[in-house]
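Welcome to a short tour of a protein model. Take a moment to look over the sequence and turn the structure around before reading on.

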Amino acid sequence: MKIIRATEYNDMSRKAANIISAQVILYPDSVLGLATGSTPLGVYRQLVDWFRKGDIDFSKVHSVNLDEYVGLAPEHPQSYHYYMNENFFRHINIKPENTNVPNGLAEDIDAECARYDKLIADLGGIDLQLLGIGHTGHIGFNEPDQDFDKMTHKVKLNQKTIEANARFFNSVDEVPKYAITMGIKAIMQAKKILLVANGEGKAEILDRALFGPVAPAVPASILQLHPDVTVVADEAALSVIQKNHPEALM
Ligand code: F6R
């Protein structure tokens, strides 16, 4: 695992965007695994900027997103479909038919999960998976104490996650209670993983995820067993690691 230290949010975003950009320049037909949330917004902004300058071409890229709320239509402003279109897809030249987000409105959620796993397999797997980390240590919507052995599946969201995500809704009651997420097993099958984290609020959980025991209590801890993980985090998010494991920081 490589840990890359960034000074602050913009620096984290630029460094992570550089890694994604290198992937797409070297392998224009890459399959990118994408995440939503606040953390990657700057990464997408930077990639859009470089696209506009003519530095990156997404015309052969395929994308698969990690997760989607159950019950939200793609046009709902808090759906992850909407987030991806607004913050990334509509600003670049990725083909809409090459972008994939789980369908939270599917009548048969289990069939939708199976379809999603098959789609990823048919694309030849994910070349580079971008991840954020939740305060609970979740990746995707894989909350603590679930099986590590899951592909795409439906999850009941943890109360802490519902509260954390309430900031995007009018009230906590509007936050969906269920989501579809790629499971830990599906995430671990990505060839490369790029985890981004910023801010003091992530410092404790980042330390537990990267240096604590590998256990379902901290879902992101499984990443310690992945052969190709790069973490790009700002100083605030690295502050506990800096204290406990200074030798790990370059
Ligand atoms: C988003 C996702 C989540 C977020 C995590 C961190 O697709 O799967 O795991 O990455 O909740 O969210 P932020 O970046 O908002 O702190």
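A salt bridge is a side-chain nitrogen of Lys or Arg within 4 Å of a carboxyl oxygen of Asp or Glu. With that in hand, we can start with the charged pairs: the structure, which is a predicted model, holds 8 salt bridges.

## Salt bridges

Three of the pairs are set out here.

| Pair | Closest N to O distance |
|---|---|
| Asp11 and Arg14 | 3.5 Å |
| Lys15 and Asp11 | 2.9 Å |
| Lys191 and Asp127 | 3.3 Å |

Asp11, Arg14 and Lys15 are linked in a network of salt bridges. Look for this network in helix α1, which covers residues 9-26: Asp11 and Arg14 are 3 residues apart there, or about one helical turn. Lys15 and Asp11 also both lie in α1, 4 residues apart, again about one turn of the helix. Are these residues buried or exposed, or something in between? Asp11, with 8% relative accessibility, is buried, because the cut-off for that class is under 20%. Arg14 is partly exposed at 38%, and Lys15 is partly exposed at 30%.

The pair of Lys191 and Asp127 has another setting. Lys191 sits in the loop between α6 and β9, and Asp127 in the loop between α4 and β6, so this salt bridge ties together parts that are 64 residues apart in sequence. Lys191 is partly exposed, with a relative accessible area of 43%, whereas Asp127 is buried, with 18%.

## The open sheet

Now let your eye move to the strands. Seven of them form an open sheet with parallel pairing, in the order β1-β10-β9-β6-β2-β3-β5. Which strands stand at the edges? They are β1 (2-6) and β5 (99-100); each has a single partner strand, so one side of each is left without a neighbour in the sheet.

At the β5 end, the pairing is with β3, residues 62-65, in the parallel sense and over 2 bridges. Ser63 has Thr99 in β5 as its bridge partner. Helix α4 lies across both β3 and β5, and runs at about 150° to β3.

## Two nonpolar cores

In soluble globular proteins, nonpolar side chains tend to be buried together. Here the largest nonpolar core has 35 residues, and those touching the most other members are Leu131, Ile133, Ile139, Met182, Leu195, Leu206 and Leu223. Several elements give two or more residues to this core: α4 (109-122), α6 (184-188), β9 (192-197), α7 (203-211) and β10 (229-234). Of these, α7 gives the most, with 4 residues.

Leu223 is a good place to zoom in. Leaving aside residues up to four places away in sequence, Leu223 touches Met1, Leu131, Ile139, Met188, Ile193, Leu195 and Val229. A second, separate core has 28 residues, including Tyr44, Leu47, Val61 and Tyr83.

Val229, one of the contacts of Leu223, is worth a visit as well. Val229 is in strand β10 and is buried, with a relative accessible area of 4%. Which residues does Val229 touch, not counting residues up to four places away in sequence? Met1, Lys2, Ile193 and Leu223. Lys2 is 227 residues away from Val229 in sequence, yet their C-alpha atoms are 6.4 Å apart in space.

## A pair of helices

Helix α2, residues 41-52, packs against helix α3, residues 80-87, at an angle of about 35°. Their axes are 10 Å apart. From α2 come Leu41, Tyr44 and Val48, which meet Tyr83, Met84 and Asn87 of α3. The residues of this contact divide into 5 nonpolar, 1 polar and no charged.

## A pair of antiparallel strands

One more stop remains. Strand β7, residues 153-156, and strand β8, residues 178-181, pair in the antiparallel sense over 4 bridges. In this pairing, Val155 has Ala179 in β8 as its bridge partner. The side chains along β7 alternate: those of His153 and Val155 point to one face and are buried. Those of Lys154 and Lys156 point to the other face and are not buried.

Key. Residues numbered from 1 in each chain as written. Predicted model: local features only at pLDDT ≥ 70, side-chain atom pairs only at ≥ 80, totals over all residues. Heavy atoms only, no water. Core = buried A, V, L, I, M, F, W, Y, C linked by side-chain atoms within 4.5 Å. Buried < 20%, exposed > 50% of the residue type's maximum accessible area, 1.4 Å probe, protein only. Contact = heavy atoms within 4.5 Å. Pairing = 2+ DSSP bridges. Axes fitted to C-alpha atoms, helices over the stretch in contact; angles between N-to-C directions. Nonpolar A, V, L, I, M, F, W, Y, C, P; charged D, E, K, R; others polar.
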